[in-house]
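Here is a short report on one protein structure. Please read it with the sequence and the 3D view side by side.

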Amino acid sequence: MTRSRAAAALLTVLSSSLLAQGGPPAGAPGGGRSGQQQPATPPLTSSPLPTGRVTYRTLTEANLEMERIEASFPTKVKRFALPHKTNLGSTVWALEITHDVKTPSGKPVFVMTGLHHSREWPTVELTLEFIHDLLQNDGKDPRITAALDKVRFIAVPIVNPDGFDLSRTLINEQKRKNCRVADGKDPTYAECANPLNAGAGVDLNRNYGAFWGGIGANAAPNGQSYRGAAPFSEPEIQNMRDLFASHQVVVALSNHTPDAKVLRVPSTTDEPTPFDVAQYDSVAQLLGKDLKWDAGPWPKVYYNASGTMEEQAYYTAGTYAFTFENTPGNRGFHPAYSFVVDQYFGTGAYPGSSSRAGYLRLLEAAADPALHAVLEIKAPAGATLTLRKKIVLESAPVLLSDRDSTRGPIIKQPMELTATTVVPKGRGPFLWHVNPSSRPSQHGQELIPEQWTVSCKLKGTSMSADVSVARGATAKVDLGKCQ
């Protein structure tokens, strides 16, 4: 049976099953705080969004749209597939956006994601509309034009395509997790869509390696915040791990719905206060003002959540990473489309609460050298530069059960961070905007003293140098003899 026929066959059965069950309890990740019945909202016939959309995209529409965006803006957009296909064999697509996108550069990187959680459809819309906004207004809006001169913006609009497809086609509308049915086994589409497996899957925003297995995640597979069998057990999060490890991501954002928060690390009470908490939190508070939401660490303004994107990004490389909880108001995880429009611009139901304003602030924050580090490299034009560092990331002491607080040992995770670029033609040193060489400790309010190794290769000649550089600082690296 084809996927479409299987979807049609299961839709009626699943709908009846969910009605009979009465849905998950209010306040749980499975049902959300926003499951109450709301008055019907008239459908939109037009919108001021960059694309003018009035309805939610499907997976197929979003993937075709990314292809068209690249074709329409070939000097500014590069579409690329992340390396790991999902459990159902889907490709996860990313878009890289900057001026002269195909020319290597040392620009700092801002990564933004949508849809870790299947039912959070607005995150796809907000991410794609921001992409269109940047491209349509580049050369017209000085703020956007300047940002694209200075920053590489990488967007992954749909981290979890399998789950999104099941939710968006209403086969399992309230699905939260991915399509993993049994640990260590790739499912079929029919198994993922089977009503008996409606609660199966891994919560992808509990599957990242840093502090994996701690409080704020389920140890049992039937839990709505199930962490998975191991750190990075899921291909979708292997994709995100590899994306962060292969780029100098200085700022990152994970879009979610629907609880009106700007979140940063620590994500659990297991974690220390960040070494650079004053600077990190200052960005969070500015974002909170943009969106008129509470801003701060997860446990203080929300709840405990271990194995999150923020933890992974911050403890791996010192990336200032955040979550936005968009489209609040007890209307569900994907409310009527008018609320997406209102959230993007800060109008209507969300006066002055503009996701667009927050996104632009983060784009500009990525360009701010006070928030990352810079390497001033002397090397010949055309040389390939590689930035490398080996690290060991740690899980939390792993909770062994959802029923008590018994814990197992920490899981150590060796990783290598490796980014490459090419020295362009031109006079003067090459500036590479990077993360600090020393990394935040997972055990205390301190930094782990580490160095970057910068290597240069040209026409068979190579050389390297170790360098230490702090956040907000510039370090000089002489690789001029690499020729």
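## Pairing of strands

Two strands pair if DSSP finds at least two bridges between them. Strand β9, residues 373-378, passes that test with β17: the two are joined in the parallel sense over five bridges. One of the matched residues is V374, whose bridge partner in β17 is T474. Keep in mind throughout that this is a predicted model.

## The three-stranded sheet

β9 and β17 belong to an open sheet of three strands, in the order β12-β9-β17. The pairing in this sheet is mixed. Which strands stand at the edges? They are β12 (430-434) and β17 (474-478). Each has a single partner strand, so one side of each has no neighbour in the sheet. From one strand to the next, the twist averages 25°.

## The four-stranded sheet

Another open sheet has four strands, ordered β11-β10-β15-β16. Here the pairing is antiparallel. The edge strands are β11 and β16 (461-467), and each pairs on one side only. Neighbouring strands are turned by 20° against each other on average, ignoring direction.

Now take the pairs. Strand β10, residues 384-394, runs antiparallel to β11, and the two share eleven bridges. Within this pair, K390 has E416 of β11 as its bridge partner. Strand β15, residues 452-458, is joined to β16 by seven bridges, also in the antiparallel sense. There, S455 is matched with S464 of β16.

## Two faces of β11

In a regular strand the side chains alternate between the two faces of the sheet. Strand β11 has one covered face and one uncovered face. The covered face holds Q413, M415, L417, A419 and T421. The uncovered face holds K412, P414, E416, T418, T420 and V422.

Look at V422, which lies in β11, residues 412-422. Is V422 buried, partly exposed or exposed? Its relative accessibility is 28%, so V422 counts as partly exposed. Setting aside residues up to four places away in sequence, V422 touches P104, G382, A383, T384 and F430. S354 is another story: 68 residues separate S354 from V422 along the chain, and their C-alpha atoms are 37 Å apart.

## A buried loop residue

Q248 sits in the loop between α7 (235-245) and β5 (249-256). With a relative accessible area of 5%, Q248 is buried. The cut-off for buried is under 20%.

What does Q248 contact, beyond its neighbours within four places in sequence? The list is P108, V109, L387, A419, W432, H433, V434, N435 and W452. One of these, A419, is on the covered face of β11. R152 is 96 residues from Q248 in sequence, yet their C-alpha atoms are 9.9 Å apart in space.

## An enclosed helix

Helix α5 spans residues 161-168. How many of its eight residues are buried? Eight of the eight are, so α5 is largely enclosed by the rest of the structure. The buried residues are P161, D162, G163, F164, D165, L166, S167 and R168. Just after α5 comes L170, with a positive phi of about 70°.

## Helix α4 and its partners

Two packed helices are described by the angle between their axes and the distance between the axes. Start with α4 (residues 142-150) and α12 (residues 355-367). They pack at an angle of about 40°, with axes 9 Å apart. The two helices are therefore oblique to each other. Their crossing is left-handed. On the α4 side, R143, I144, A147 and K150 make the contact. On the α12 side, R356, L360, R361, L363, E364 and A367 do so. By class, this contact has five nonpolar, no polar and five charged residues.

Helix α3, residues 122-137, also meets α4. Their axes come within 9 Å and cross at roughly 100°. These two are therefore roughly perpendicular to each other. In the contact, D133, L134 and N137 of α3 meet I144, T145 and L148 of α4. This contact has three nonpolar, two polar and one charged residues by class. One residue of α4, I144, takes part in both contacts.

Definitions and conventions. Residues numbered from 1 in each chain as written. Predicted model: local features only at pLDDT ≥ 70, side-chain atom pairs only at ≥ 80, totals over all residues. Heavy atoms only, no water. Axes fitted to C-alpha atoms, helices over the stretch in contact; angles between N-to-C directions. Parallel < 35°, antiparallel > 145°, perpendicular 65-115°, else oblique. Left-handed = near helix turned anticlockwise from the far one by under 90°. Contact = heavy atoms within 4.5 Å. Nonpolar A, V, L, I, M, F, W, Y, C, P; charged D, E, K, R; others polar. Buried < 20%, exposed > 50% of the residue type's maximum accessible area, 1.4 Å probe, protein only.
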